[in-house]
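Visitor: Could you take me through one part of this structure at close range? I'd like a single, connected look rather than a full tour.

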Amino acid sequence: MKIGIIGMGAAGMMAASQILESDFAGELLLFEKNSKIGNKVLISGGGRCNVTTGIHDLGEVLKKYPRGSKFLRYAFHEFGPESVYNWFEDHGVKLKTESDLRVFPASDDGHDVVGVFENIFLNNQNCSLLLNSNVIEVIKVDEGFEVICKDGSTYVLDKLILTTGGQAFRHTGSTGDGYSFAEKLGHSITKLGPSLNSFILKEDWVKELAGVSHKHVVFKASLEGKKIAFEGPCIWTHKGKSGPAIFAMSSLLAFAEFSKDSPFDLFIDLYPQMDQESLKNEILKFKDINHKKLFKNAFTGIIPKRMVEVFFNTLGISLDVLCSEIKNKEIFRLIETVKNCKVSIIGRGKGDEFVTAGGVKTKEIDSKTMESSICPNLFFAGELVDIDGFTGGFNLQASWATGFLAGNNAKKSCN
Ligand SMILES: Cc1cc2nc3c(=O)[nH]c(=O)nc-3n(C[C@H](O)[C@H](O)[C@H](O)COP(=O)(O)OP(=O)(O)OC[C@H]3O[C@@H](n4cnc5c(N)ncnc54)[C@H](O)[C@@H]3O)c2cc1C
C-alpha cells in the first residue's frame, strides 16, 4: 500500500509523522517542491515559531477562527493545543508559554520544530522524502491517484493527502497549487482572500505617526450591515496600520473590498480605558484647574505625544493654546477624535498577508477523518482547507491538528 503526501509544511509533516510512528508497513512518499521541508514553519513567528496557543479551553480556542471553527471542533478534541504541546515536548522540543499565551520553543528557534520531523523521516525505511519534487498534476486512476512531477517522474499511489498550503508568502513554496489539484478531483474552492495583513490608509498624517504603538485600542467597523470589533495592540506604519489587532481586523475583513476610490471606514477608540463622557469630564477638570498650562498637556498619558501633535495640527488647533484659551467646541472635537478616530482603508499591505482565507470547502471533507466526501482515499489538511485563524499560534495549531487526523486516518486499512 502506497500513501503520498504533497507538501511538507506543518500539516504534511504532522500527517507523515502519524503514519511513520505507527506500525505502518506500506510505503510513504513525501513530495516537496523545495530543497528542504518546513520552509514556512521556519519563518513563522519571526523565526521563533509560535507553535500553538496556551489557551486550553477549546470553546475559547475555536473563537479565534473566523472561518472553519465548527469544522475544527473534532480535530481539536483529538489533537488540541495541549496535545500539540505535549507531542513536541515528548519529541524533545522544550516549549514555553509567554505572558500573552503564545507558545514557542524554549530555544526561540523554529529549526527545533522542523528538526523533529527531519529525524522521523530520515530514520524510517518506509519513507521516501522526495525533495525538489514539484507536483504539477494529480490524476484519479481506478482506486488510486497518479502524481506527476515537473521533472517528468510519475508515481501511482493508493491514498493521497494534499497539504500544499495557501498562497501567502509564495516564495516559501506555497503557491496555491493544491486548489487546482482539489478542483480537478471534484472539489470546490471557496473565494480566496488575504488575511492577517496590514492596511494602507488614505490619511496623509499617518506617516507622521510611523512607529507609534498602542498597547490597547479598539477597532470598530461595519461590514454588510453587521458591526465588527476587535481590541488589542497595534502600530502605525509609514502607510497605515499594522499589529495584532489590525491582523485580526484584516481577518474579519478578508473578503471586504476597498480602494482609493471606494475606501472602507475604520473607527479606532484610542483610549478604551474610559468612556467618552468620563474622558470629557477628566479633560474639562484638567482645563479648569490648570488655567495657565498648555492645553495639550491634558492628553498626557491618554495618547502618545506625537499623536497629540498630529491631532492638534489636523484639527487646526494651536499646540500653544492655553487651558484658559481653548474653546469647548475644540475640546469636544479632540475627544471625539481620540474615542472615535475615523481612518479610511484604501488597500492591504502588498504581499504581506500571513495566511490565505478560503480554500477547499469544508462541507466536502469529513471533519472526523479529513477524508474527501467526494473522492475516496483523498485527504486534506492545513491552510489549503477553508480554515484560518488569528495570530497567536492558531494557524499552525489548525495545521498540526488536521494533519494529525489526515495521517491517522489515511494509514487505516493500509497494512
Ligand atoms: C511570515 C509568516 C509567519 C507566520 N507565523 C505564524 C506563527 O507564528 N504561528 C502560526 O500559527 N501561524 C503562523 N503563520 C501561518 C502558518 O505558518 C501557516 O498557516 C501554516 O504554516 C500552514 O501550514 P500548511 O502545512 O498548511 O502549509 P505550508 O506551510 O504553506 O506548506 C505547504 C508546503 O507544500 C509545498 N508545496 C506546495 N505546492 C507544492 C507542489 N505543487 N509540489 C510539491 N510541494 C508543494 C510548499 O513548498 C510547502 O512546503 C505564519 C505565516 C507567515 C507567512
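Visitor: How are α9 and α11 oriented to each other?

Guide: Happily! Before that, please note that this is a predicted model, where local features need pLDDT of at least 70, side-chain atom pairs count only at pLDDT 80 or more, and totals for chains, interfaces and linings use all residues. Residues are numbered from 1 along each chain as its sequence is written.

Now to the helices, which are DSSP runs of H or I with at least four residues, numbered from the N terminus. Two packed helices are described by the angle between their axes and the distance between the axes. Here, the axes of α9 (residues 276-289) and α11 (residues 328-339) come within 10 Å and cross at roughly 135°. Those axes are lines fitted to C-alpha atoms over the stretch in contact, with angles running from 0 to 180 degrees between N-to-C directions. The two helices are therefore oblique to each other; angles under 35 degrees count as roughly parallel, over 145 as roughly antiparallel, 65 to 115 as roughly perpendicular and the rest as oblique.

The crossing of α9 past α11 is right-handed, that is, the near helix is turned clockwise from the far one by less than a right angle. On the α9 side, Q276, L279, K280 and I283 make the contact, and they meet I331, I335, V338 and K339 of α11. Contact means that C-beta atoms, placed from the backbone, lie within 7 Å. Sorted by class, the contact has five nonpolar, one polar and two charged residues. Ala, Val, Leu, Ile, Met, Phe, Trp, Tyr, Cys and Pro count as nonpolar, Asp, Glu, Lys and Arg as charged, and the others, Gly among them, as polar.

How values were computed:
Two residues are in contact if their C-beta atoms, placed from the backbone, lie within 7 Å.
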